[in-house]
Amino acid sequence: MTQPTERHEFQAEVKQLLDLMVHSLYSDKDIFLRELVSNASDALDKLRFEQLTQTELSTSDLHIRLATDATNRTLTISDNGIGMTREEVIKNIGTIARSGTREFLTAVRDAKKPDAPPELIGQFGVGFYSAFMVADKITLVSRRAGTDTATHWESTGDGAYTLGEATRDHAGTTITLHLKPVDTEAGLRDYTAEHVLKEIVKRYSDFVTYPIRMQRWRDGDKPSDHKILEDETLNSMKAIWDRPKAEVTEQEYKDFYRHLSHDWTDPLRTIPITMEGTLEAYALLYIPSKAPFDLYSAEMKRGVQLYVKRVFVMDECKELMPTHLRFIKGVVDAHDLSLNVSREILQKDRQIQVIRKQLVKKVFSTLDEMKRDKPEDYLQFWAAFGPALKEGLLAYDAQDKDKRLELLLTASTHHASDLASLDDYVGRMKEGQDAIYFLTGSSKDAIAKSPLLEAFAAKGYEVLLFADPIDELWLERAPRFKDKPLKSIGRGEVTLGSEDDRKKAAEALDEKQKQYSDLLTYFRVHLQNEIKEVRLSSRLTSSPVCLVADEHDLTPRMQKMLEQLGQAPPKVKPILELNPTHSLIPKLQALFAENKADPRLGLYAELLLGQAHLADSGQLPDPAAFSRALADVMLHGV
Ligand SMILES: Nc1ncnc2c1ncn2[C@@H]1O[C@H](COP(=O)(O)OP(=O)(O)OP(=O)(O)O)[C@@H](O)[C@H]1O
Ligand SMILES: [Mg+2]
C-alpha cells in the first residue's frame, strides 16, 4: 500500500538553522559537499558495521557517487550505505537531535543579532542543512538496508518538507540538489562543473575511505537516460594515519610526508600515534630532516593538519602543537570533533588539549630515544631545530624541566668541536663543584676566546658555551638541572676549588684589593659613567681586564637584545675587573703612587675599558673615543 505524500513542518529549531543557512552563515559555500560526503561516508561505515552481525546485508562495492546535470542545474550525491527508514528520515532530517546545535541556536538568539557571531559557529555541525546554502530545493531518496521500500523527502528549505514513497534499486541514499544560480560574488560556484567538484573533493575529502566517483552524462542527455560517459574516482583514499603501522610501508610514509610538506628530503623520523579510550584520535607526525628557511619568521606555515574521520577540517592547526615544535609536520584525525569546529572553539576544547599533550609527549620521547640510540641523527636534528626547541625552555612547568633540559646540546670547553649535553657535563663535574658553569655570547668562537674562561681553564673546569640569542632568555630564568644551578661565569664573583682553596684565594684577593684600593677607586671615579665598579679579578690568568655583570643584572648582550626589541631596559653598567697577576697592574700602581695627577692614568683607564669591551663582544661602545685615546698614548709614549 502506498502512502500519500505528506507535508510536515520542520521543528522550530530546524527552521532557525535553515534561516541561518539561507542567509549564509559561511562565506565558504563549498563546505556543503564536504558535509554531504561525510554523511555518505558515515552511512557506509554504519552499513559495514551492521553487516558484521547481519551477514545477509551486502557491502560489495561501497562507494559515493557524484553526478551532475548542467542543463537542469542539479548535483546528485548518492551512496550505497545504510540508508534511512521513513521514521529515520523524519527524525534525522526533520529535527535537531544534537544538543550542541540547540545550544548554538540559543546562543544566536541571545546574541540578538541577525548574523550568527562567527565565534559560535564552530560549536555545531551544520551538516545536512548546509546544502541549502547552494540549493533552493533538495530531494532525498533513501532506502534502509534490510528493507525494500524507499522514502522520498523534499524541501525548499522554507519551513516545511514533504514525505512520500519512492523506489530505489538498492539500499542507500540519493540526495539531489537543485542548485541556485552561480553567483561568484556570493561564493556560489558552478557545482555542475567537473573541475569545481574535483577541486573541492581533493581539498576536503581526498582521504575519505570510500571511492568518490564522478559520473558524467552525455551532453544534453537527462540523468534518467543513464548514459554514463565516464566514471572517475576523484579521491586518493590514501590516508595512512589510521592504518596499523605494520601495514604501511616506509615508502608510503615518505610519500605522504612529501604530500604534506612539499619537502623532497626524507623526514628524519616518522611518528604514528593512536589514541583510544576516552577519545579516539589518530596522528601521524614527522620530524623533518632540515629546517625550513622561514623557521623563525612569523609567516611560517606551522602546525599540523586537522581531520575529522578522514575529512579535512583545517590546515596549520596551531592549537595542536606548541610554538617550539612548529616544525613538526603531520596530520591529526580526531574522531569526536565536529567538522565545523572553529579556532576559537579549538582553543578551549578539552579534547584538543588532551590530544596536544599526547602529541608533545610522543615527540619528546621520540627525540629522547633518538638522542640515546642514534646520536648522529640527533645532532642533525639539533643543528636544524635546536634553537626552536629551546624556546620551549622559556615556559615549562617544573616537572618537565629536567626532561627538556636533557635534550639540550651545546658547545663546551671540554672539546673544541663536539657538543655536550648537560648529562655529559654533570658526569665530568669536579669534586666539590656545585654548579654548571656557562658563558653566553654572540658566537661560539667568540665566547671560546673570552678572558672570562681563563681561571676555569687553569683549574680544569668545563664551561658550556651558548651562542643562540634565545639562550640569553631561558638562561636568564636561572634554571637548575638535576638540582644543580646553571651559573653564568660572566656574572658576580667566581670561586673555584675546594672550600679551603676558595678561602685562601678570597683572602689573597682581599689583601691585594686593599693594596690597590686607591688605584681602583681612581679608575672607578674616572669611568663612573660607564661602569658600576672596578675590582680585582679572580677569573683572569693572562688577560689584563674583563667585563662582568653584577650578580642580578642583565648581561650586556641581554640588554642589547631588549633594546633591539624596542624595550629600553634601565641602563645597567658592567663591572670592570683587573687581573692582579698581570704585570700591568703593578706598573699602573707605580705610576699612580708617583703622581696621582698623571694624565696618562685616565687614558690608560679608558684603553683598558675599551679592551675589556673588545674581549667581551668584539665591539666598542665608542670607537672614536677609543681611537683618540690610543693615538694620544702613542703620541706621548708609555
Ligand atoms: N547519506 C546518508 N545516509 C544515511 N543517513 C544520513 C545520510 N545523510 C544524513 N543522514 C542522517 O542524517 C543525520 C543528520 O546529518 P547531519 O549531517 O545534519 O548531522 P551529523 O552527520 O549527524 O553530524 P555532523 O554532520 O555535524 O557531524 C545523520 O546523523 C544521519 O543519521
Ligand atoms: Mg554530517
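User: In this predicted model, how many residues does the largest nonpolar core have?

Analyst: The model is predicted. Trp-153, Leu-177, Leu-306 and Phe-381 have the most contacts inside the largest nonpolar core. That core has 151 residues.

User: Which helix gives the largest share of this core?

Analyst: The largest share of the core is nine residues. They come from residues 31-51, which form helix α2.

User: What is Trp-153 in contact with, leaving aside its neighbours within four places in sequence?

Analyst: Aromatic partners of Trp-153 include Phe-10, Phe-128, Phe-132 and Tyr-161. Two threonines, Thr-139 and Thr-162, also touch Trp-153. The remaining contacts are Val-89, Ile-93, Ile-138, Leu-140 and Leu-163.

User: How many residues are in the second, separate core?

Analyst: Leu-509, Phe-523, Val-534 and Leu-607 are among the members of this second core. It is separate and holds 28 residues.

User: In what order do the six strands of the open sheet run?

Analyst: The pairing in this sheet is mixed. β16 (415-421) and β19 (480-481) are the edge strands, each pairing on one side only. The order is β16-β15-β18-β17-β20-β19.

User: How many bridges join β15 to β16?

Analyst: β15 covers residues 409-412 and runs antiparallel to β16. The two strands form a hairpin with two residues between them. Within the pair, Thr-410 stands opposite Ala-420. The number of bridges joining β15 to β16 is four.

User: Which residue in β18 is the bridge partner of Ser-412?

Analyst: β15 pairs with β18 in the antiparallel sense, over two bridges. The β18 partner of Ser-412 is Leu-464.

User: Which helix packs on this sheet, touching β15, β16 and β18?

Analyst: The helix spans residues 375-390. Its direction makes about 100 degrees with that of β15. This is helix α10.

User: Which strands stand at the edges of the sheet β21-β23-β22?

Analyst: This open sheet has three strands and mixed pairing. Its twist averages 25 degrees from one strand to the next. Two strands have a single partner each, so one side of each is left without a neighbour in the sheet. Those edge strands are β21 and β22.

User: What is the bridge partner of Val-545 in β23?

Analyst: β22 pairs with β23 (residues 575-578) over four bridges, in the antiparallel sense. Across from Val-545, the β23 partner is Leu-578.

User: What angle does the direction of helix α20 make with that of β22?

Analyst: Helix α20 covers residues 599-617. It packs on the sheet and touches β22 and β23. The angle with β22 is about 65 degrees.

User: How many residues apart in sequence are the parts tied together by Lys-403 and Asp-368?

Analyst: The side chains of Lys-403 and Asp-368 meet in a salt bridge at 3.7 Å, N to O. Lys-403 lies in helix α11 (residues 401-406) and Asp-368 in helix α9 (residues 350-373), so the salt bridge ties together parts of the chain. Their separation in sequence is 35 residues.

User: Is Arg-491 buried or exposed?

Analyst: Arg-491 forms a salt bridge with Glu-476 at 3.6 Å, N to O. Arg-491 sits in the loop between β20 (484-488) and α16 (499-515), while Glu-476 sits in the loop between α15 (469-475) and β19. Glu-476 counts as partly exposed at 29% relative accessibility. The relative accessible area of Arg-491 is 14%, and under 20% means buried.

User: How far apart are the closest N and O atoms of Asp-550 and Lys-532?

Analyst: Asp-550 is in the loop between β22 (545-548) and α18 (556-564), and Lys-532 is in the loop between α17 (517-526) and β21 (533-536). Asp-550 is partly exposed at 25% relative accessible area. Lys-532 is partly exposed at 37%. In their salt bridge, the closest N and O atoms are 3.1 Å apart.

User: Which residues are linked in a network of salt bridges?

Analyst: The count of salt bridges comes to 44. Side chains of opposite charge can pair when their charged atoms come close. The network links Glu-493, Glu-533, Arg-535, Arg-539 and Glu-577.

How values were computed: Residues are numbered from 1 along each chain as its sequence is written. Chains are lettered from A and ligands numbered from 1 in the order in which they are written. This is a predicted model: local features need pLDDT of at least 70, side-chain atom pairs count only at pLDDT 80 or more; totals for chains, interfaces and linings use all residues. Side-chain values use heavy atoms; hydrogens and water are left out. A nonpolar core is a set of buried Ala, Val, Leu, Ile, Met, Phe, Trp, Tyr and Cys residues joined through side-chain atoms within 4.5 Å. Buried means under 20% relative accessible area, exposed over 50%, partly exposed in between (1.4 Å probe, protein chains only). Contact means heavy atoms within 4.5 Å. Two strands pair if DSSP finds at least two bridges between them. Axes are lines fitted to C-alpha atoms, for helices over the stretch in contact, and angles run from 0 to 180 degrees between N-to-C directions. A salt bridge is a side-chain nitrogen of Lys or Arg within 4 Å of a carboxyl oxygen of Asp or Glu.
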